[in-house]
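Please follow this model from one pair of strands outward to the rest of the sheet, then to the ligand, and lastly to a pair of helices.

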Amino acid sequence: MTDLLARPPSAPATAPARSRTGTGLSGLDLAAVVLVNLGVIAGMWVRHGGTDQLRTPGGTWTAVGQLAGLYGAFAILSQIVLISRVPWLERRYGMDTLNHWHRWGGFTATWLLLTHVVAITLGYAAGNRSSVVHQLDQFLFHYPDVLAAMVGFAAILAVAITSIRAARRSLRYETWWFIHLYAYLGVILAFAHQLANGADFIDDPWARAYWVALFAGAATLVLGWRWIEPAWRAVRHQLRVVAVRSEGPDVVTLVLAGRRLDRLPAQGGQFFLLRFMQRDRWYKAHPFSLSAAPDGRTLRFTVKALGDDSAALQSIAVATRVMAEGPYGAFTAAKATRRKVALIGGGIGITPIRSIFEGIERGPGEVSLLYRARDREQAVFQEDLAAIAQRRGFDLKISYSRPFGRPLDADPFRPDDLLAVIPDLAERDVFVCGPPSLLSAAASGLRKAHVPHAQIHLERFDY
Ligand SMILES: Cc1cc2nc3c(=O)[nH]c(=O)nc-3n(C[C@H](O)[C@H](O)[C@H](O)COP(=O)(O)OP(=O)(O)OC[C@H]3O[C@@H](n4cnc5c(N)ncnc54)[C@H](O)[C@@H]3O)c2cc1C
């Protein structure tokens, strides 16, 4: 490894030994909300004769179809809540974890809805002694709102299919995102048929009220936190680009300033969805992490050109207006449970790591940063990081994956190498951000170096 080490003898120790994630929500609270609703739905189904029909012709299919429909709708609403950006969830789990749950929850919901469509049709066909085709025709053209619900289901199916990895890779991010909006249309189109035909809702005003409350709750969260709150923040903060500074090849730092930024509850390590208000760019929001600890007057981001929009940002005009949605993410020093911390940054993944390194409340010798870059030219912030390390009494080690004239180091995160640099690694919280290959190599090396799972915090620059 190529080194640059900086650590002076003294700097003030300021931090509390333990800090919290900034939300009162626990994993148990979330599980309790889900379990209570699953129980209420099962109770509602039994109360309305769900089990009585089991001995009738096609009754088992109908029962499966009803339960799959009820739980499928609940699963879809849960996915909407997961990506509603509601702060209690964001701060507790971080957007990448919520996106991961949303992805698998979304597929589960789609399977449940597919089961609902197939099983209800088979059950009713058997009960009415009619063919499946005749039964489908009956549903679509003689039952209220079922045709709209089928169109809604097709929209949800399109969202699920385009989210399969192979399909998603072949789409531009914006195309995938736009198709994803169809899911909302799907939920709206399918709503009426549930109240009009659902055995649980036709004659029971309490069940109807409960179901409407679930949908209204999800709609309120998504409208409030994805639309109204960002719009309100845009008006409140009036952000503009005030400085553009090149950091190296294809990497630029953008400084944004606005009003009342001291009221923005941002922390080092978090990210914003930035929307640059230019004619051909305002409708696209891209996630960028804070590359400096927030100072209450400016927000600083550092952008590498990885695609068309990030390339265009390399020469964005000063004074361009910006809408910033956020702050998001739980990749902050508040996640640390230990006094000592290790930071690992790779490539442009150094941005949130730099802001944590700068702002973390720890004393000399309590923070070590391992920075992995392709070569010296690509390693942005070198002088900056050395100055912070010097000022704060932190350790800094920079290494290169392709140092000039030397062979490629295939695995820089072998446990022995890690422990040689940070012997007390297992007693530290470790924050890692970088490309997916670096994340998995680092996570595997850290586990082999006996760092407990709960002390490893990863941030993916991926959706
Ligand atoms: C939480 C997070 C923090 C990030 N922080 C930084 C940072 O500090 N500095 C930096 O240079 N890059 C950062 N990125 C990556 C950055 O968002 C992408 O490089 C950028 O969005 C690419 O946009 P593009 O139009 O130039 O490229 P495109 O060609 O449109 O996309 C290139 C790739 O970027 C990703 N991407 C594009 N748009 C989005 C989006 N809206 N949401 C999520 N991923 C997207 C996709 O993986 C896509 O394949 C971060 C990503 C995430 C998820």
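In this predicted model, a convenient place to begin is Leu 273, whose bridge partner in E4 is Pro 287. That pair belongs to the ladder between E3, which spans residues 271-276, and E4, where four bridges join the two antiparallel strands.

Stepping back from this ladder, one finds an open sheet of six strands, arranged in the order E4-E3-E6-E1-E2-E5 with antiparallel pairing. Strand E4 (286-289) and strand E5 (298-304) are the edge strands, each of them pairing on one side only, and the twist from one strand to the next averages 40°.

Both edge strands reappear when attention turns to the ligand, since E4, E5 and helix H11 (308-312) each supply at least two residues of the shell around the ligand. The residues around the ligand number 21, and those that come nearest are His 286, Gly 307, Asp 309, Ser 310 and Thr 351. By class, the shell comprises eleven nonpolar, six polar and four charged residues.

A further feature to examine is the packing of helix H4 (residues 95-127) with helix H6 (residues 146-162), whose axes come within 10 Å and cross at roughly 140°, the crossing being left-handed. On the H4 side the contact is made by Gly 106, Phe 107, Thr 110, Leu 113 and Val 117, while H6 contributes Phe 153, Ile 156, Leu 157 and Ala 160. Seven of the residues in this contact are nonpolar and two are polar, with no charged residues taking part, whereas the shell around the ligand includes four charged residues.

Terms used: Residues numbered from 1 in each chain as written. Predicted model: local features only at pLDDT ≥ 70, side-chain atom pairs only at ≥ 80, totals over all residues. Pairing = 2+ DSSP bridges. Axes fitted to C-alpha atoms, helices over the stretch in contact; angles between N-to-C directions. Near = placed C-beta within 6 Å. Nonpolar A, V, L, I, M, F, W, Y, C, P; charged D, E, K, R; others polar. Left-handed = near helix turned anticlockwise from the far one by under 90°. Contact = placed C-beta atoms within 7 Å.
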